[in-house]
Amino acid sequence: MARSRVPAAASPAKLGPLLSRRFFARSVHEVAPELIGATLLVAGVGGLIVEVEAYHHTDPAAHSYGGETPRNRVMFGPPGFAYVYRSYGIHWCVNFVCEAEGSASAVLIRALAPTHGLGVMRKHRGLDDERSLCSGPGKLTQALGITIAHNGAPLDIEPFAIHRRTVEPDIVTGPRIGISKAIELPWRYGLKGSRFLSKALPG
DNA sequence: ATCTAGATGTCCT
DNA sequence: GGACATCTAGATG
């Protein structure tokens with residue numbers, strides 16, 4: 001039997017104003033939930049942010065926890081820039097640096113609902129399934145073409161463009177994924193009911 | 001549906 | 001050498 005209600009396909013929601021660098025100059029725990037429902041575009045390709053995780057310098061699960069290294073250097077810089085790192089030797093993952101210079105805190109972008117440039121994303125991913133295009137941190141960077149070349153790039157200048165959300169979404173929280181330290185902290189934020197999450201959240 | 005192995009950069013002991 | 005903010009393909013219930 002068909003479901004009683006089929007979730008609407010990811011429709012290009014009305015875009016809010018571009019987020020300035022200053023948007024990120026606050027606690028990761030304020031910024032992370034506010035990013036749910038915002039639209040991330042790289043060279044015009046991307047979608048609605050439906051899942052993020054917050055990481056802070058004082059957090060054992062954060063890359064910056066052990067101090068500055070060549071890899072995490074951007075995390076220790078000013079807010080409003082992209083921190084890109086290689087995960088498991090294979091994938092790229094993208095974070096937005098938050099708070100203040102030296103705070104070394106960032107929000108990991110984990111999943112998008114694809115809205116812009118579906119054809120480009122399918123080509124980058126070598127997949128057709130819309131649901132699999134951006135439903136994970138490594139998937140979305142591949143779909144959008146984000147690589148180490150974007151490490152340290154400002155988030156308010158092309159090719160990056162992040163549009164403020166225009167509606168207040170229902171947000172659910174839970175433990176972060178794929179970490180072994182501080183696993184109890186509920187610093188994963190998701191859009192309630194979204195079918196583009198990397199893994200289900202309550203609600 | 002859950003499980004496993006394998007891909008391998010960067011940091012750690 | 002081992003762990004890790006992951007993903008895929010293939011095997012198995």
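**Reading the contacts with DNA strand C**

Trainee: What makes the pair formed by a base nitrogen of DNA strand C and a polar backbone atom of H63 a polar contact?

Mentor: In this predicted model, the two atoms are 3.3 Å apart. The cut-off for a pair of N or O atoms is 3.5 Å, so this pair qualifies as a polar contact. A61 offers a similar case, with a polar backbone atom 3.2 Å from a base nitrogen of the strand.

Trainee: And how do you know that H91 makes a polar contact with DNA strand C?

Mentor: Here a polar side-chain atom of H91 lies 2.7 Å from a base oxygen. That is within 3.5 Å, so the pair counts.

Trainee: Which residues come nearest to DNA strand C, and which part of the strand do they meet?

Mentor: Of the 19 residues around the strand, H91, N95, G138, G178 and S180 come nearest. Sugar and phosphate make up 62% of the strand's atoms within 4 Å of the protein.

Trainee: Which element gives the most to that surface?

Mentor: Helix α4 does, with three residues. By class, the surface has eight nonpolar, eight polar and three charged residues.

Trainee: G138 is one I'd like to understand. Why is G138 called buried or exposed?

Mentor: Its relative accessibility is 16%, and buried means under 20%, so G138 counts as buried. That area is worked out on protein chains only. G138 lies in helix α4, and beyond its neighbours within four places in sequence, G138 is in contact with H91, W92 and C93.

Key
Residues are numbered from 1 along each chain as its sequence is written. Chains are lettered from A and ligands numbered from 1 in the order in which they are written. This is a predicted model: local features need pLDDT of at least 70, side-chain atom pairs count only at pLDDT 80 or more; totals for chains, interfaces and linings use all residues. Side-chain values use heavy atoms; hydrogens and water are left out. A residue is near a molecule or strand if one of its heavy atoms lies within 4 Å of it. A polar contact is a pair of N or O atoms within 3.5 Å; within protein, one must be able to donate a hydrogen and the other to accept it, and residues adjacent in sequence count only if both atoms are side-chain atoms. Helices (H or I, at least four residues) and strands (E, at least two) are DSSP runs, numbered from the N terminus. Ala, Val, Leu, Ile, Met, Phe, Trp, Tyr, Cys and Pro count as nonpolar, Asp, Glu, Lys and Arg as charged, and the others, Gly among them, as polar. Buried means under 20% relative accessible area, exposed over 50%, partly exposed in between (1.4 Å probe, protein chains only). Contact means heavy atoms within 4.5 Å.
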